[in-house]
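Reader: I am new to this one and would like to learn how to read it. Could you walk me through it, feature by feature?

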Amino acid sequence: MPTIQPTRLRTEDFRTQSAAWQLLTRDMDAGTVPHALLITGNSGTGKRSLASLTAQILLCTGEKKPCGTCPACLQMATGNHPDALAVRPGEPLSPKEDKGKKTIPVSDIRILNELAVRRAQEGGWRVFVIEQAEAMTDASANALLKTLEEPPENVCFMLLTDRPDALLPTIVSRCRTVALHPWADGIVAAAMRAQGVPEQRTAQILPLAMGSVGMALTMAQDEGYWALQEKLMRHFFGMERRSQIPAISDEYRESRGDSDRIFDILEDMVRKLLLVRLGRAPAGLLDAYPPIWRKAAAEADYAAFVRLQDAIMRTRKMRESAVTWQVILEQLLLKFMEERSQWSIS
Ligand SMILES: [Zn+2]
């Protein structure tokens, strides 16, 4: 049965998120927890962690909540609390439902509704988390709405979504929204350090993760991404002569299926050069670039990087034309070579 996944985050970790902080401190202390919360925020901003922490505080029987040592906290830590349940697409509660569907079936919500009106097994709160709440079917949403209209006592529903606009307005209006915002770079970096991500990789990821701890950690662990980035660095930024272009493009002969990723990474790499050139990122961001590019990011005309960004965008579009993949790549490599040949390294 899907359980609320334990979180390593603590109340203090949400100090910079005003709505979440208010919920976890003021409202919990005052006992004014709404029966329905809508936790919103982009992917990787901590919606599940916040729900898990809120559930733990509600269910904890210790003094300073969550104490981490009472039976309820221990049950939460292993995902075994009888009064805490999560539903999510693809993991239906009823064995009669097909697994792996992308929706939350009405049978899930009916089970939650039945549990909600029962007395809690431990005599306190019952907590239900609906992950990716936008995946509820119309029937599911309507079944939930009935319960939210006449909420049982000591029940807290938490709906999680990065697309609140995809929910029924009548559901949204019955929930208190707790919006999570992108995290400051320092906090994302600390989370990555705690996971053992090397500092240099962290520095590369921060400008791309846009405040999403989840996205940053996913990127950090994606070895295929780093291997491709290293290869593109060697070829697009490391090439020194025009005559190398055919051999380089030959290395990507089989990579057409990966073309979106290739262009995404190249765009990021050029964006970093531009950011450093404009003084909006530290030069250390470019440690992995060949010296001539680092020098250009310090003193060349910034328009060179804008031209490269345009070239990548145009090349992306060329895939729809009849031009072959290798010719497309060769034109882009040529563009890199043209810009580079205007700089000298001394
Ligand atoms: Zn406890």
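Author: Gladly! Let us begin with cysteines: a disulfide is a pair of cysteine sulfur atoms within 2.5 Å. Please keep in mind that this is a predicted model.

Reader: How many disulfides does the structure hold?

Author: The count is 0.

Reader: And are Cys 67 and Cys 70 buried, partly exposed or exposed?

Author: Buried means under 20% relative accessible area, and exposed means over 50%. Cys 67 has 26% relative accessibility, so it is partly exposed. Cys 70 is buried because its value is 8%.

Reader: Thanks. How do I read the strands of a sheet?

Author: A good habit is to look at where the side chains go. In a regular strand they alternate between the two faces of the sheet. In β2, Ala 84 and Ala 86 point one way while Leu 85 and Val 87 point the other, and all of them are buried. From β2 the chain passes through α4 to β3, making a right-handed β-α-β crossover.

Reader: How do β2 and β3 pair, parallel or antiparallel?

Author: They pair in the parallel sense, over 4 bridges. Val 87, for instance, has Ile 130 of β3 as its bridge partner. On to the next pair: β3 and β4 also run parallel, joined by 5 bridges, and there Val 127 is partnered with Cys 156 of β4.

Reader: What is the order of the strands in the sheet?

Author: It is an open sheet of 5 strands, ordered β2-β3-β4-β1-β5, with parallel pairing. The edge strands, β2 and β5, each pair on one side only. From one strand to the next, the twist averages 20 degrees.

Reader: Which strands does helix α2 touch?

Author: Helix α2, residues 47-59, packs on the sheet and touches β1, β2, β3, β4 and β5. Its direction makes about 170 degrees with that of β4. Helix α4 packs on the sheet as well, touching β2, β3 and β4, and its direction makes about 165 degrees with that of β3.

Reader: What can I learn from the length of α4?

Author: You can compare its reach with the expected span. α4 has 12 residues and reaches 17 Å from first C-alpha to last, close to the expected 16 Å. Its buried residues include Ile 109, Leu 112 and Ala 116. Among the elements covering the buried residues of α4 are β3 and α5.

Reader: Where is Asp 268 found, and is it buried or exposed?

Author: Asp 268 is in helix α12, and it is buried because its relative accessible area is 14%. Beyond its neighbours within four places in sequence, Asp 268 is in contact with Leu 208 and Tyr 225. As for α12 itself, 14 of its 19 residues are buried, so the helix is largely enclosed by the rest of the structure. After α12 comes Gly 279, with a positive phi near 75 degrees.

Reader: What should I look for in the backbone angles?

Author: Start from the usual case: most residues other than glycine have a negative phi, and most peptide bonds are trans. Here, Lys 65 and Pro 66 are joined by a cis peptide bond, with omega about -5 degrees. Pro 66 sits in the loop between α2 and α3. Gln 132, which is not a glycine, has a positive phi of about 45 degrees and lies in the loop between β3 and α5.

Reader: And what about Met 210, is it buried or exposed?

Author: Met 210 counts as exposed because its relative accessibility is 63%. Its phi is also positive, near 45 degrees, and its place is in the loop between α8 and α9.

Technical notes:
Residues are numbered from 1 along each chain as its sequence is written. This is a predicted model: local features need pLDDT of at least 70, side-chain atom pairs count only at pLDDT 80 or more; totals for chains, interfaces and linings use all residues. Side-chain values use heavy atoms; hydrogens and water are left out. Buried means under 20% relative accessible area, exposed over 50%, partly exposed in between (1.4 Å probe, protein chains only). Helices (H or I, at least four residues) and strands (E, at least two) are DSSP runs, numbered from the N terminus. The expected span of a helix is 1.5 Å times one less than its number of residues. Contact means heavy atoms within 4.5 Å. Two strands pair if DSSP finds at least two bridges between them. A crossover is right-handed if, with the strands pointing away from the viewer, the path from the first strand over the helix to the second runs clockwise. Axes are lines fitted to C-alpha atoms, for helices over the stretch in contact, and angles run from 0 to 180 degrees between N-to-C directions.
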